[in-house]
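The following exercises are to be worked through with the sequence and the model at hand. Each task is followed by a solution in steps.

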Amino acid sequence: MLDSELLAAPTRTTTPQLLQKRHDLTDALLQLPYDLIAYLERAAVHTDLGYPDLAAGDAYRALLLTDEVLNEGFEYHEQALEALQSRCADGVPAILRDQGSSDCDPSDIAHEASIQCYRKLATSLLLCGCLKSAHEFCTRGLAVAPGDEDLLFKKEHIQTLARRRLKVDDVDINDLPDQGLVRREIYPWNDHEPDRFSQETLDFLNSELAAVAPKCEVKVTELPFLIDVPGDTEGQDSPTTCKQLGLFAKDDIQPGETILQENSVLTVNNRLKESLCDACSTELPPLEPGSTVVGCPDCDDTMFCDEDCLARAECYHPSICDKDIDTIAKDPDPKEAPNALYLLLLARALAMSDAQERHPLDLTEVKYIWGDFLPSAANAVPLLSLDACPPPVWTLPFSFASNISGPLHVLEKMDIDIFASVDRYDLWIFNTLYSKFRGTASARVNKRDGRVEVAAVHPLWCLANHDCDPNVQWEWGGQMKFWCREKRVGGVVGGIKKGEEILSHYCDIDLKVQERREWAKGSLGGWCMCERCKREAAEEEEKALDGHGA
Ligand SMILES: C[S@@+](CC[C@H](N)C(=O)[O-])C[C@H]1O[C@@H](n2cnc3c(N)ncnc32)[C@H](O)[C@@H]1O
């Protein structure tokens, strides 16, 4: 019986009805932000809609609110208690009734609700593939409700799954997988996403390009739909294409000519003690007489390479100035470096949103960029099974720390009320930002120790598509720079004719085809199918056949 509870049971409520319910509950939360019952109700709707990650996010906020109710000294105690009392005016809320309690004392209700939160968190995180966090919530829940059958069952199930996945008899809890996957999509209720192919979008992007890349324009183009399976790519049905954006030359461009120079404050680094500019993350010039380095006049330790960077920081820094936010995600374990950088990018976007009083998804640096989204229908899985979760079609990396607790911690450090700001800082918004950053960000390693330390999103540079015979070369210091190659692969003289596409490179083009394809696969979403790759792969295959025959 418990097993069936773990599955997202088919519901008689239709998707449009569920979406309406979600909409109403979100509205209710905007009216009564400290209502833990509404969060639990929305978690249930998110489960029924097939978004266990969003259900976990709601259950976690509900859990935090149970703490607020139960602890008089907590910041939102009064508001959370008042909201709960108003929800209990007519008896125990329906969402808690199956727990058998008819007692309407707020403390008892909050206690019952916390157990429900632990159960929801454990199940939902398990469905996303975050076994370690799910296990932790089972353990925390069992400390509050020893012997709770549901939590005991889930804990046992996690251990069974882990034994199977890790192929060991004794599972060390610290070894449990915790990096999950969730749906990567434009959520049905996301009304911030522009039509990227509309004339309005193209006009906006082209006006931005005029300042940083006057010889470039963005256009709609067709790209091959790339396949993830090596060996499936050649000599079969020609791959279908998909509509995307790309950069094109508006004029002839000469070899060596600079094409694009772009600054982006959506740039972060994960070094705590390195002297890097807070805005552009380049190494600061030495602090000597005549140095251009300037500090923030209002907080210690925030340095910029010059007055220009200090001025650019106005669009995010006021929201984190003197807020003790510096240590978050800094100096991570090397294995965690990419996740830490994505969290820092998210934190920067949240600071920009707060400082500019703009919805994060409406930030110019974010709004138009590629997110590698799948249609919602393709992501929807009719019945989620705990034994095969997350389903292979889900592609957005997800963890409790990166997607739920980390962003909330950042907001709290920024003195933002995490309950009263659900319109701007809801989990689906963090997930959408992550999708966009994962589709477009570039990273830089420290030359001294080879560790990945800087990441950035350059919203115009990232419009250029990849080719293993690129016609441009790029370099990223304080600025992202593109220039026309002097020579193409094979020694052909460079130069780009008016109307030709700007062809960037997402991997080291000096590698052999197999290695190039491996490297670029992550950012391309599949096996590169450029002319050079197809030609060289065919040559390699021919060589292998010859070797075989000899
Ligand atoms: C950074 S974006 C490039 C700009 C993107 N086309 C847009 O519409 O904004 C990277 C994505 O573009 C697509 N892409 C880039 N180069 C490609 C290529 N040579 N073949 C197929 N898809 C490509 C892939 O979907 C990749 O994930």
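## Exercise 1: Helices α12 and α16

In this predicted model, α12 crosses α16 in the right-handed sense.

Task. Determine at what angle α12 and α16 pack, and which residues make the contact.

Solution.
- Step 1. The packing angle between helix α12 (residues 337–356) and α16 is about 120°, and the two axes lie 10 Å apart.
- Step 2. Angles over 145 degrees would count as roughly antiparallel, and 65 to 115 as roughly perpendicular. α12 is therefore oblique to α16.
- Step 3. On the α12 side the contact is made by Tyr 342, Leu 345, Leu 346 and Ala 349. On the α16 side it is made by Phe 430, Leu 433, Tyr 434, Phe 437 and Arg 438.
- Step 4. Sorted by class, the contact of α12 with α16 has 8 nonpolar residues, no polar residues and 1 charged residue.

## Exercise 2: The sheet that α12 touches

Task. State in which order the strands β5, β9 and β10 form their sheet, and which of them are the edge strands.

Solution.
- Step 1. The order is β5-β10-β9, in an open sheet of 3 strands with antiparallel pairing.
- Step 2. β5 (267–269) and β9 (442–445) each pair on one side only and are the edge strands.
- Step 3. From one strand to the next, the twist averages 20°.
- Step 4. β5 pairs with strand β10 (residues 452–456) in the antiparallel sense over 3 bridges. Within this pairing, Thr 267 has Ala 456 of β10 as its bridge partner.
- Step 5. α12 packs on this sheet and touches β5, β9 and β10. The direction of α12 makes about 35° with that of β10.

## Exercise 3: The sheet with a hairpin

Task. Identify how β12 and β13 are joined and over how many bridges they pair.

Solution.
- Step 1. A hairpin of 3 residues joins β12 to β13.
- Step 2. Strand β12 (residues 472–476) pairs with strand β13 (residues 480–484) in the antiparallel sense, over 5 bridges.
- Step 3. Two residue pairs illustrate the register. Val 472 stands opposite Cys 484 in β13, and Gln 473 has Trp 483 of β13 as its bridge partner.
- Step 4. In a regular strand, side chains alternate between the two faces of the sheet.
- Step 5. β12 and β13 belong to an open sheet of 3 strands in the order β4-β13-β12, with antiparallel pairing. Its edge strands, β4 (258–262) and β12, each pair on one side only. The twist averages 15° from one strand to the next.

## Exercise 4: Helices α7, α8 and α9

Task. Decide whether α7 and α8 are roughly parallel or roughly antiparallel to each other, and do likewise for α8 and α9.

Solution.
- Step 1. Helix α7 (residues 106–128) packs with helix α8 (residues 131–144) at an angle of about 160°, the axes being 8 Å apart.
- Step 2. Angles over 145 degrees count as roughly antiparallel, and α7 and α8 are therefore roughly antiparallel to each other. Their crossing is left-handed.
- Step 3. α7 contributes Ser 114, Ile 115, Tyr 118, Arg 119, Leu 121, Ala 122, Leu 125 and Leu 126 to the contact. α8 contributes Leu 131, Ser 133, Ala 134, Phe 137, Cys 138, Arg 140, Gly 141 and Val 144.
- Step 4. The contact of α7 with α8 comprises 11 nonpolar, 3 polar and 2 charged residues.
- Step 5. α8 and helix α9 (residues 149–166) pack at about 150°, with their axes 9 Å apart. By the cut-off of Step 2, α8 and α9 are therefore roughly antiparallel to each other. The crossing of α8 and α9 is left-handed.
- Step 6. The residues of α8 in contact with α9 include Leu 131, Ala 134, Cys 138 and Gly 141. Among those of α9 are Leu 151, Leu 152, Lys 154 and Lys 155.
- Step 7. The contact of α8 with α9 divides into 9 nonpolar, 2 polar and 2 charged residues.

## Exercise 5: The shell around the ligand

Task. Establish how many residues surround the ligand and which element supplies the largest share.

Solution.
- Step 1. The ligand is surrounded by 19 residues, of which the closest are Gln 244, Leu 245, Trp 370, Asn 465 and His 466.
- Step 2. At least two residues of the shell come from each of β2 (216–224), β3 (241–249), α16 (427–440), β11 (465–466) and α17 (513–524).
- Step 3. β3 supplies the largest share, 3 residues.
- Step 4. By class, the shell has 9 nonpolar, 8 polar and 2 charged residues.

Note on methods
Residues numbered from 1 in each chain as written. Predicted model: local features only at pLDDT ≥ 70, side-chain atom pairs only at ≥ 80, totals over all residues. Pairing = 2+ DSSP bridges. Helix = DSSP H or I, 4+ residues; strand = E, 2+ residues; numbered from the N terminus. Near = placed C-beta within 6 Å. Nonpolar A, V, L, I, M, F, W, Y, C, P; charged D, E, K, R; others polar. Axes fitted to C-alpha atoms, helices over the stretch in contact; angles between N-to-C directions. Parallel < 35°, antiparallel > 145°, perpendicular 65-115°, else oblique. Left-handed = near helix turned anticlockwise from the far one by under 90°. Contact = placed C-beta atoms within 7 Å.
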